[in-house]
Amino acid sequence: MQLIADCSDGFNEGVTKTGLYLIKPKAASHPFEVKCVMNMTGQTVIQWHHNSSFRFNKTWAEFRTGFGNRDGDHWIGNEKLFWLTQSRNFSLMITIKPRGGGIRNFNVSKFIVLSENSSFAIRVYDAPGSQSCLSQYNGTQFTTFDRVNSANCAAINGSGWWYNSTCSDCNLNGRLYRENATIIGPAIWNPENDKILQTEMTLVET
């Protein structure tokens with residue numbers, strides 16, 4: 001298989017195995033490895049958080065390049081998100097496993113991350129009636145504890161994210177729920193108000 005621009009290319013070429021693949025979006029300066037989920041369509045994983053001990057309390061530089069294990073808990077990297085979303089149009093699929101059981105899926109119909117010069121601000125567009133709480137964060141800049149772009153939310157919650165002034169309502173990089181543990185800065189995704197056990201974020205080409 002030739003070098004692909006994102007996971008959808010692999011799927012369109014007949015690849016059906018979920019795993020790690022080397023991709024190079026048109027805007028990227030070099031290829032990089034991502035996890036591709038190949039069920040029904042080729043989804044490019046940008047965040048995977050299943051282990052409650054894994055932390056997203058990282059520096060600006062770490063969020064820029066990405067961190068974690070691509071085959072486990074990780075953040076793809078904000079620079080890579082910029083490269084991907086400047087090269088093609090994507091929706092954002094959010095998958096949440098709440099404490100109450102089952103799997104909840106939410107979709108952001110259009111998701112764009114701007115360059116570092118714009119502090120990796122996001123542009124999000126939702127269909128009317130969407131239950132994505134991220135839509136209210138359109139235009140917000142990314143914030144880490146060592147680069148504050150909106151209040152001091154990253155230090156308060158212990159995780160880098162696109163925050164508004166409230167520091168709440170939407171943060172999938174927060175800490176996962178653990179029974180009988182006091183959680184400061186929990187993962188939250190309204191209207192899914194139950195305690196969150198797992199989160200996944202994937203890009204789907206549109």
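Biologist: Where is the place of Ser91?

Modeller: In this predicted model, the place of Ser91 is in strand S6.

Biologist: And is Ser91 buried or exposed there?

Modeller: Ser91 counts as buried, because its relative accessibility is 6% and the word buried is used for values under 20%.

Biologist: Which residues is Ser91 in contact with, leaving aside its neighbours within four places in sequence?

Modeller: Once those neighbours are set aside, Ser91 is in contact with Asn107, Val108, Ser109 and Lys110, and also with Thr202, Leu203, Val204 and Thr206.

Biologist: Let's change topic to charges. How many salt bridges does the structure hold?

Modeller: The structure holds four salt bridges. In general, side chains of opposite charge can pair when their charged atoms come close. One of the four joins the side chains of Arg88 and Asp9, with a distance of 2.9 Å from N to O.

Biologist: Which parts does that pair tie together?

Modeller: Arg88 lies in the loop between helix H3 (78-87) and strand S6 (90-98), while Asp9 lies in helix H1 (residues 7-12), so the salt bridge ties together parts that are 79 residues apart in sequence. As for their surroundings, Arg88 is partly exposed, with a relative accessible area of 25%, whereas Asp9 is buried, with a value of 17%.

Biologist: What else does Arg88 form a salt bridge with?

Modeller: Arg88 also forms a salt bridge with Glu205, where the closest N and O atoms are 3.6 Å apart. Glu205 belongs to strand S14 (residues 196-205) and Arg88 to the loop between H3 and S6, so this pair ties together parts that are 117 residues apart in sequence. Glu205 itself counts as partly exposed, at 32% relative accessibility.

Biologist: Which residues are linked in a network of salt bridges, then?

Modeller: The network of salt bridges links Asp6, Asp9, Arg88 and Glu205.

Biologist: What about Glu116, which residue does that one form a salt bridge with?

Modeller: The partner of Glu116 is Arg64, and their closest N and O atoms are 3.0 Å apart. This pair links distant parts of the chain, 52 residues apart, since Glu116 is in the loop between strand S8 (110-113) and strand S9 (122-125) and Arg64 is in helix H2 (residues 60-65). Glu116 counts as partly exposed at 24% relative accessibility, and Arg64 also counts as partly exposed, at 23%.

Biologist: On to the rings. How many aromatic pairs are there?

Modeller: The count comes to 15 aromatic pairs. One of them is formed by Phe54 and Phe56, which are edge-to-face, with 5.2 Å centre to centre and 75 degrees between the planes. Both Phe54 and Phe56 are buried.

Biologist: And how do Trp75 and Phe142 pair, at what angle between the planes?

Modeller: Trp75 and Phe142 form a tilted pair, 6.0 Å centre to centre, with 40 degrees between the planes. Trp75 is in strand S5 (residues 74-75) and Phe142 in strand S10 (residues 142-143), and the pair links distant parts of the chain, 67 residues apart. Trp75 is buried, with a relative accessible area of 0%, and Phe142 is buried as well, also with 0%.

Biologist: Which residues do ring pairs link into a cluster?

Modeller: The cluster linked by ring pairs includes Phe54, Phe56, Trp75 and Phe142, along with Trp60, Phe63, Phe67, Phe111, Phe120, Trp161 and Trp162.

Biologist: Last one: which ring does the charged end of Lys58 sit over?

Modeller: The charged end of Lys58 sits over the ring of Phe67, 5.5 Å from its centre. Elsewhere, the charged end of Lys80 sits over the ring of Phe32, at 5.6 Å from the centre of that ring.

Definitions and conventions
Residues numbered from 1 in each chain as written. Predicted model: local features only at pLDDT ≥ 70, side-chain atom pairs only at ≥ 80, totals over all residues. Heavy atoms only, no water. Helix = DSSP H or I, 4+ residues; strand = E, 2+ residues; numbered from the N terminus. Buried < 20%, exposed > 50% of the residue type's maximum accessible area, 1.4 Å probe, protein only. Contact = heavy atoms within 4.5 Å. Phe/Tyr/Trp six-rings, centres within 6.5 Å; stacked < 30°, edge-to-face > 60°. Lys NZ or Arg CZ within 6 Å of the ring centre and 35° of its normal.
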